Amino acid sequence: MSTLEIKDLHVSIETESGPKEILKGVTLTINTGETHAIMGPNGSGKSTLASTIAGHPRYEVTSGSITLDGEDVLEMSVDERARAGLFLAMQYPVEIPGVTMTNFLRTAKTAIDGEAPSLRHWTKDVKAAMEDLKIDPAFAARNVNEGFSGGEKKRVEILQLELFKPKFAVLDETDSGLDVDALRVVSDGVNRAQDTGTMGTLLITHYTRILQYIKPQFVHVFVDGRVAESGGAELADRLEAEGYERYEAAAAGA
Ligand code: ADP
Ligand code: MG
Ligand code: MG
């Protein structure tokens, strides 16, 4: 079992009027085999948390820690994070002209594992994963993300998840822009990866819709840069019914 541990994390960004603190003491522990949902209103800092785990240079950690099995993640480069087993969807959302999906996936897999996958298995694995995710085989020859629709990008995100087999996956708004069919395909993919028991998932979302398809064991309400409350799956149902106002009012009064 592996553990991703976030302790009292404070993160600032540089703005025109000086540094602004976005994360104000986030504490969270995720083990492989667990699914945690982070839910919160727009602007509460959810994507900042994801970007900080990913190592985005814009976000400055002013105090606190992120460790993976005791190793300091904050000291790692973005590539080292991937090799250590962190999968962060937004690491690869960009268009890469002239690089086909096939080449991109194999290059990334090689970088993550430290050795090239056996070609025979790899070709089979890619084909099977693409079928599972109902991705058109013609995709393999297309350039990375070039002209991909929102739904296609999400499927490719989950394709990477299935092929790279990370220890921890951080999925930020994976449900946004998906119709119900695509949502189901994407959720099935996450659930398949989850079912291996060797992955932990941090599912970041504003809406409860995706939680009909991916069941978290833990739900954290995220408000004003920190976790305001943690609970089980029932907490998501309560948020669906009641919204975030109560938490936002409490945060504003704090
Ligand atoms: P969420 O994902 O919960 O909607 P974000 O992490 O995107 O929240 O944003 C949290 C706060 O940080 C917001 O007030 C947002 O305006 C601000 N913020 C985040 N990233 C940037 C950025 N790159 N430049 C300016 N403000 C930012
Ligand atoms: Mg936002
Ligand atoms: Mg966001």
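Here are five short exercises with worked solutions on a predicted model.

**Exercise 1. Get an overview of the chain: count its helices and strands, and decide how its radius of gyration fits that of a compact globule.**

Solution. Begin with the elements: there are eight helices and twelve strands in the chain. Next, look at the extent: the C-alpha trace covers about 60 × 40 × 40 Å along its principal axes. Finally, compare with the rule: a compact globule of 254 residues would have a radius of gyration near 18 Å, and the chain has 18 Å, so the two agree.

**Exercise 2. Work out the strand order of the open sheet of four strands, and name its edges.**

Solution. Step one is the order, which reads β2-β1-β4-β5, with antiparallel pairing. Step two is to find the strands with a single partner: these are β2 (18-31) and β5 (71-72), so each has one side without a neighbour in the sheet. Step three is to look inside the sheet, where β1 and β4 (residues 59-68) run antiparallel to each other and share eight bridges. As a landmark, find isoleucine 6, which sits opposite isoleucine 66 of β4.

**Exercise 3. Now trace the open sheet of six strands, and describe how β6 pairs with β9 and how β11 pairs with β12.**

Solution. Follow the order first: β6-β9-β10-β3-β11-β12, and note that the pairing is mixed. The ends of this order are the edge strands, β6 (86-88) and β12 (226-231), which pair on one side only. From one strand to the next, the twist averages 20°.

Then take the two pairs in turn:

- β6 pairs with β9 (residues 168-172) in the parallel sense, over three bridges. Leucine 86 has phenylalanine 168 in β9 as its bridge partner.
- β11 and β12 are antiparallel, with five bridges between them. Here valine 221 faces glutamate 229 in β12.

To finish, look at the link between β11 and β12: they form a hairpin with two residues in between, and aspartate 224 in the turn has a positive phi of about 50°.

**Exercise 4. Describe how α7 lies on the strands, and then decide whether α5 and α6 are roughly parallel or roughly antiparallel.**

Solution. Start with α7 (residues 234-242): this helix lies across β3 (35-39), β11 (218-223) and β12, and makes an angle of about 40° with β11.

Now turn to the helix pair. The axes of α5 (residues 150-164) and α6 (residues 180-195) are 9 Å apart, and the packing angle is about 10°. Because angles under 35 degrees count as roughly parallel, α5 is roughly parallel to α6. Next, find the residues that meet: from α5 they include Ile158 and Leu161, and from α6 they include Val185, Val186 and Val190. Sorted by class, the residues of this contact are seven nonpolar, two polar and four charged.

**Exercise 5. List the residues around ligand 1, and find which element gives the largest share.**

Solution. Go round the ligand and collect the names: Ile13, Thr15, Ile22, Gly40, Asn42, Gly43, Ser44, Gly45, Lys46, Ser47, Thr48 and Arg58. Then match them to elements: β1 (3-15) and α1 (46-54) each give two or more residues to the shell. The largest share is that of α1, with three residues. Last, sort the shell by class, which gives two nonpolar, eight polar and two charged residues.

Key
Residues are numbered from 1 along each chain as its sequence is written. Chains are lettered from A and ligands numbered from 1 in the order in which they are written. This is a predicted model: local features need pLDDT of at least 70, side-chain atom pairs count only at pLDDT 80 or more; totals for chains, interfaces and linings use all residues. Two strands pair if DSSP finds at least two bridges between them. Axes are lines fitted to C-alpha atoms, for helices over the stretch in contact, and angles run from 0 to 180 degrees between N-to-C directions. Two residues are in contact if their C-beta atoms, placed from the backbone, lie within 7 Å. Angles under 35 degrees count as roughly parallel, over 145 as roughly antiparallel, 65 to 115 as roughly perpendicular and the rest as oblique. Ala, Val, Leu, Ile, Met, Phe, Trp, Tyr, Cys and Pro count as nonpolar, Asp, Glu, Lys and Arg as charged, and the others, Gly among them, as polar. A residue is near a molecule or strand if its C-beta atom, placed from the backbone, lies within 6 Å of it. The radius of gyration is taken over C-alpha atoms; the globule rule is 2.2 Å times the number of residues to the power 0.38.
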